[in-house]
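The following paragraphs offer a guided reading of a molecular model. The reader may wish to keep the sequence and the structure in view throughout.

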Amino acid sequence: MTTEQTPGAPYLAQFAQVKAKLPGRRLSWLKDLRQGAIERFVSLGFPTLKIEEWKYTSLSPLTKTVFGPASQEANGRAEEGLRRFLLGEQPCHRLVFVNGRHRPDLSHVGSLPAGVTITSLAAMLEAEPELLEPHFGGEDQSDGQALVALNTAFMADGAVVKLAQGAALEAPVHLIFLATTQGGPAAHHPRNLILAEPGSSAAIFESYGGVGTESYWTNVVTQVKAGRNAAIRHYKLQCEGAEAFHIAITQADLESGSSYTSFVMSMGGRLSRNEIAARLNGTGVDCRLNGVYLARDRQHMDTSTRIEHAKPGGLSREVYKGVIDGEAHAVFHGKIVVCPDAQKTDAHQLNENLLLSERARIDTKPELEIHADDVKCSHGANAGELDSEALFYLRTRGLEEERARSLLIEAFVAEMIDGVETEAVRSNLRKFVSSWLPTVANGKGAA
Amino acid sequence: MLEIKNLHARVDGQQILQGIDISIKAGEVHAIMGPNGSGKSTLAFVLAGREGYEITQGEVLFEGRNLAEMKPEERAREGIFLAFQYPVEIPGVSGMNFLKSALNVTRKYRGLSELDAIEFLKLAREKLKLLGMDEKLIQRAVNVGFSGGEKKRSEVFQMAVLEPKLAVLDETDSGLDIDALKIVANGINTLRNPDRAMLIITHYQRLLNYVIPDKVHVLAEGRIVRSGGKELALELEDKGYAMLDSADANAAA
Amino acid sequence: MAATAETVKTVKSVTDEYKHGFVTDIEVERAPRGLNEDVIRFISEKKNEPAWMLEWRLKAYRTWVERFLPASDPTWARVTYPQIDYQNAYYYAAPKTKERPKSLDEIDPALLRTYEKLGIPLKEQEMLAGVAVDAIFDSISVATTYKEKLAEMGIIFCSFSEAVQEHPELVREYLGTVVPYADNFFATLNSAAFSDGSFVYIPPGVRCPMELSTYFRINAENTGQFERTLIIADKGSYVSYLEGCTAPMRDENQLHAAVVELITLDDAEIKYSTIQNWYPGDENGKGGIYNFVTKRGACRGKYSKISWTQVETGAAITWKYPSCILQGDNSVGEFSSVAITNNYQQADTGTKMIHIGKNTRSTIISKGIAAGHGQNTYRGLVRVLPKATNARNYTQCDSLLLGDKCGAHTVPYIEVRNRTAKVEHEATTSKISDDQLFYCKQRGLSAEDAVTMIVNGFCKQVLQELPMEFAVEAQKLVGISLEGSVG
């Protein structure tokens with residue numbers, strides 16, 4: 001009947017149905033915010049290839065399906081799915097979300113130093129909504145703004161990490177988002193807030209995964225606010241289910257003297273996009289965005305970053321490496337903007353890609369936009385297959401081709417993982433890499 | 001030729017030179033020695049007019065003219081040459097073209113005719129031969145891909161071509177092996193003449209074994225703490241800069 | 001080598017200001033203002049074109065009106081300008097003569113004087129051997145030199161209009177095969193309204209013994225210039241082609257929307273060099289040429305090569321991406337560019353290297369210099385298609401900023417569909433270091449001379465790709481373009 005409906009329209013209808021059940025429904029500011037957001041989403045629509053930042057990522061597989069609200073019926077699959085994401089013996093403060101909702105029974109926050117709050121968004125909206133209000137609804141100019149708006153309309157839960165001035169958290173905060181979808185495609189819209197007041201420090205690790213083979217959509221927004229001289233390490237593992245869609249938008253606002261170090265490993269999902277927008281709003285900010293993407297089969301994996309140097313004396317370093325196998329399509333879009341005021345900026349970016357198979361595909365677009373003269377900015381990008389000389393060398397030393405290939409791919413990725421400072425996270429990521437490697441290293445793509 | 005009177009200078013808001021007096025006549029070679037951080041390079045840059053090197057007190061007269069009123073290129077054209085401690089690389093600019101342009105602006109300034117490419121090449125080759133240096137110094141881009149020793153030789157060669165009245169050599173001996181040192185020293189001696197003054201800035205006295213100075217000044221913490229003949233350099237070599245602790249006391253007295 | 005010296009005066013005798021900004025007072029015949037099918041028929045008729053040519057123009061015109069005009073000018077480039085009123089310009093302006101001059105003696109003396117003033121000698125007897133010139137004045141080719149001598153070797157070098165008359169089979173075979181009539185907004189406009197241009201055909205195995213050169217001049221007011229160049233290098237042939245451009249200083253902006261198509265067959269090579277010195281507008285950004293140009297080459301044959309070298313110092317806005325389609329196995333594409341934007345100039349320029357054949361190679365060297373309020377963007381695409389086994393690309397983009405009001409941007413697109421490809425891209429942005437400046441000043445050079453010298457050093461890799469005398473003139477042009485940028 002509704003043949004000419006726009007892809008966004010079903011979500012407007014869904015919103016009307018669920019809005020009365022969303023957390024914080026008694027807060028008028030939040031009601032207005034959600035209403036404004038859904039209208040904004042409907043008017044913007046899903047991003048299309050015509051938007052420069054979405055040039056290489058078509059959302060049509062996503063928009064063909066209408067994702068309903070996630071069912072909150074408990075099923076026994078969460079415990080089983082959780083296991084491989086856990087950090088083992090290492091101490092951490094853990095919050096677990098299943099199908100978008102906090103599961104206290106699976107979480108373990110433990111004791112926290114004074115001035116540190118780790119809780120769920122839903123709980124925070126009940127207990128201290130006034131603390132959250134100022135952090136929502138600011139002007140959003142991100143490339144995926146339509147999807148941020150959709151998240152704002154539907155956000156039901158997520159993590160809130162709040163660090164008071166000078167608070168230093170030693171053990172990492174581990175946020176695990178698990179989907180156990182059953183009975184039709186569902187969407188989750190987690191919303192995370194990391195609020196670091198001046199001089200505070202912490203490491204946050206987000207893990208995303210799914211149980212089963214059903215289709216679902218994670219549409220997550222994470223806001224990081226680092227006050228003066230705060231130091232945030234922010235890690236992420238995206239290992240969603242094979243039929244999942246994963247769109248993540250991280251916005252980091254960085255004040256003078258703060259440091260923000262991000263590492264993202266993407267390996268799951270059918271179609272995924274990891275978008276990071278870091279704004280260096282103060283002087284002397286140190287911003288590092290690193291990561292790897294491991295794509296195979298028919299996966300589509302998009303990494304889109306934007307580093308905006310708004311004030312003088314900032315340093316940014318970015319290295320993303322990709323390994324692409326099968327018929328996978330990887331996209332890297334990295335933009336560095338240096339505003340007129342941001343003299344003495346030092347920015348470097350590198351994107352390296354390893355193509356393992358005949359039908360693997362990479363589109364990369366590193367981009368510099370420079371409006372200040374006293375700067376040092378550079379970028380590099382490359383794509384190609386494994387170094388045949390190195391491969392040959394290893395074989396002359398007696399290694400079989402398959403083993404040699406595996407060794408070289410591992411080295412290519414390990415170089416990045418080794419840079420992850422938090423030991424518990426590093427070893428967890430290594431485990432995931434080694435489970436991935438055997439599936440690509442056989443050189444079948446070589447034909 | 002050069003009168004440095006009670007010179008105080010500041011760099012980045014920090015007072016480096018705290019009252020220096022030196023007087024150099026045409027034909028004289030003076031050496032300035034001193035430990036790291038004593039202000040030697042600062043003095044060189046103040047003489048050449050580098051931006052950010054601010055004279056706060058005292059003055060420097062070159063042939064009676066106040067240097068502070070002259071732009072760096074004007075000082076160069078008047079005949080002040082600085083052999084840099086760290087000569088900078090200028091990619092894509094051929095050494096030949098660079099030096100020819102430098103020579104011609106100076107010649108023009110002095111009312112002489114400009115040299116064309118062929119005349120210049122002839123002159124350059126003569127100077128290279130005189131100094132016993134290789135022609136590749138002018139074939140490549142300015143200082144690009146030069147070894148440390150080549151850079152220093154190139155500075156001496158540029159001095160030979162530009163024929164300055166006053167040459168300031170800032171640690172031209174540093175980082176050289178003994179053979180390179182001899183070539184550089186030989187170059188300096190060749191260019192020594194009654195109309196030219198030289199100010200050799202060095203950390204070690206070994207260059208002074210080959211280039212015998214008329215006077216040696218010892219710089220410490222922005223002041224000349226001792227002045228003397230060439231034997232002062234040997235004394236320093238012998239006793240090290242530690243001797244300055246007592247010397248300092250003498251100077252202050 | 002001294003041979004090219006004369007032609008090279010294109011950009012010579014340069015002093016403080018834009019030297020080519022004078023207007024020639026000459027009687028001009030125009031088509032009515034604006035563009036419609038009647039104007040196109042008028043142009044076609046003036047040129048006595050065959051029906052197929054008119055049909056092609058009309059097809060392009062209809063596409064432009066139906067597909068492109070409603071969507072307006074392309075907006076993806078980083079350039080801004082007020083909407084152009086396409087119906088307010090003249091699309092055809094020609095020096096009034098009875099018919100095309102048979103020999104140079106019949107050319108209006110005022111025209112000859114213009115070219116003399118610009119340093120372009122049109123009198124063959126006064127020229128040294130080595131360069132053949134086709135001069136385009138507003139819309140019309142006014143003289144082509146050395147034609148007979150080249151004809152002896154089977155080389156065709158003539159105006160585009162003449163080629164349509166004399167060599168219709170070649171024009172029909174190749175026209176629009178590299179840049180189709182419906183390619184993009186400006187190329188389609190050109191296909192409808194192009195007035196003249198140069199045509200070159202080099203027969204198999206012939207190495208063209210002299211540089212071929214086209215000199216473009218916009219003179220008339222409110223006139224767009226839409227020339228079209230087609231160069232075909234048949235198997236095993238070689239040609240080096242130079243193009244230079246100037247225009248009078250006028251307060252209004254003028255549109256230049258040219259199309260260049262290059263085709264190389266097996267083992268052939270075309271070297272195409274441009275020194276673009278259109279009037280850039282004044283120091284407040286008033287006036288200047290809109291240089292919206294589509295240039296593309298197809299390496300159709302195996303082991304063929306196309307290299308583009310450009311020095312873009314003029315024009316208020318430059319929108320230009322000389323590209324190579326590497327179809328033939330083992331074919332090679334090169335793009336070397338210097339683009340300078342000073343005052344309020346804007347440039348969005350780069351290239352596309354499309355790797356289709358096996359073992360195809362491409363190299364991109366781009367040097368962007370922004371001064372004053374200039375905005376300088378490199379935009380380039382490297383695409384390796386699935387069958388392009390062992391494709392190689394190396395790209396180096398360096399930007400230099402002089403002053404804190406300008407901008408330099410680098411936007412590379414790298415699309416790889418074949419794992420055996422090796423694609424490398426590097427880019428840097430910086431300013432001239434204080435150390436370099438001081439070193440030069442200590443040797444007696446003024447700040448301006450030092451900057452010119454350092455910038456020329458920065459551009460050297462590209463300038464050395466130009467024929468030698470052109471390179472010398474290009475160096476001077478670099479200095480002039482930067483005038484006023486050193487505080």
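**A guided reading of chains A, B and C**

In chain B, strand 4 (residues 53–62) is joined to strand 5 by two bridges, and the two strands run antiparallel. One pair of bridge partners is F62(B) and R65(B), the latter in strand 5. The model in which these pairings appear is a predicted one. In general, the strands of a sheet pair through backbone hydrogen bonds, in either a parallel or an antiparallel manner.

Strands 4 and 5 belong to an open sheet of four strands in chain B, with the order 2-1-4-5 and antiparallel pairing. Its edges are formed by strand 2 (14–24) and strand 5 (65–66) of chain B, each of which pairs on one side only.

Chain B also contains helices: its secondary structure amounts to nine helices and ten strands. Helix 1 of chain B, covering residues 40–48, is mostly covered, with eight of its nine residues buried. The buried residues of this helix are K40(B), T42(B), L43(B), A44(B), F45(B), V46(B), L47(B) and A48(B). After helix 1 of chain B comes G49(B), which has a positive phi, near 90°.

Chain B may next be considered as a whole. A compact globule of 253 residues would have a radius of gyration near 18 Å, and chain B agrees with this because its own value is 18 Å. Its C-alpha trace spans about 60 × 40 × 35 Å along the principal axes. Of the 253 residues of chain B, 53% count as buried. Contacts between residues at least 6 apart in the sequence of chain B join residues at least 24 apart in 68% of cases. The area that chain B exposes is about 11000 Å², with 47% of it supplied by carbon and sulfur atoms. Chain B carries 32 positive and 36 negative side chains, and 4 Å separates the centres of the two sets.

Chain C has ten helices and 23 strands. Of its 487 residues, 66% count as buried. Among contacts in chain C between residues at least 6 apart in sequence, those that join residues at least 24 apart make up 83%. Its accessible surface is about 16700 Å², and carbon and sulfur atoms account for 48% of that area.

Within chain C, strand 22 (residues 407–416) deserves attention. Ten of its ten residues are buried, so strand 22 of chain C is largely enclosed by the rest of the structure. From this strand, G407(C), H409(C), V411(C), Y413(C) and E415(C) point one way, while A408(C), T410(C), P412(C), I414(C) and V416(C) point the other way; all are buried.

Which strands are joined to strand 22 of chain C? One is strand 20 (residues 375–384) of chain C, which runs parallel to strand 22 and is joined to it by ten bridges. Another is strand 20 (residues 361–370) of chain A, which runs antiparallel to strand 22 of chain C and is joined to it by six bridges. H409(C) is the bridge partner of T377(C), and H409(C) is likewise the bridge partner of E369(A).

The final stop is in chain A, where K162(A) lies in strand 5 (residues 159–163). Is K162(A) buried or exposed? Residues under 20% relative accessible area are termed buried. K162(A) therefore counts as buried, because its relative accessibility is 19%. Leaving aside residues up to four places away in sequence, K162(A) touches G115(A), V116(A), T117(A), M124(A), L131(A), L195(A) and E197(A).

How values were computed:
Residues numbered from 1 in each chain as written. Chains lettered and ligands numbered in written order. Predicted model: local features only at pLDDT ≥ 70, side-chain atom pairs only at ≥ 80, totals over all residues. Heavy atoms only, no water. Buried < 20%, exposed > 50% of the residue type's maximum accessible area, 1.4 Å probe, protein only. Rg over C-alpha atoms; globule rule 2.2 N^0.38 Å. Contact = heavy atoms within 4.5 Å. Areas by Shrake-Rupley, 256 points an atom, 1.4 Å probe, with all protein chains shown as cover. Lys, Arg positive; Asp, Glu negative; His and termini not counted. Charge placed at Lys NZ, Arg CZ, Asp CG, Glu CD. Pairing = 2+ DSSP bridges.
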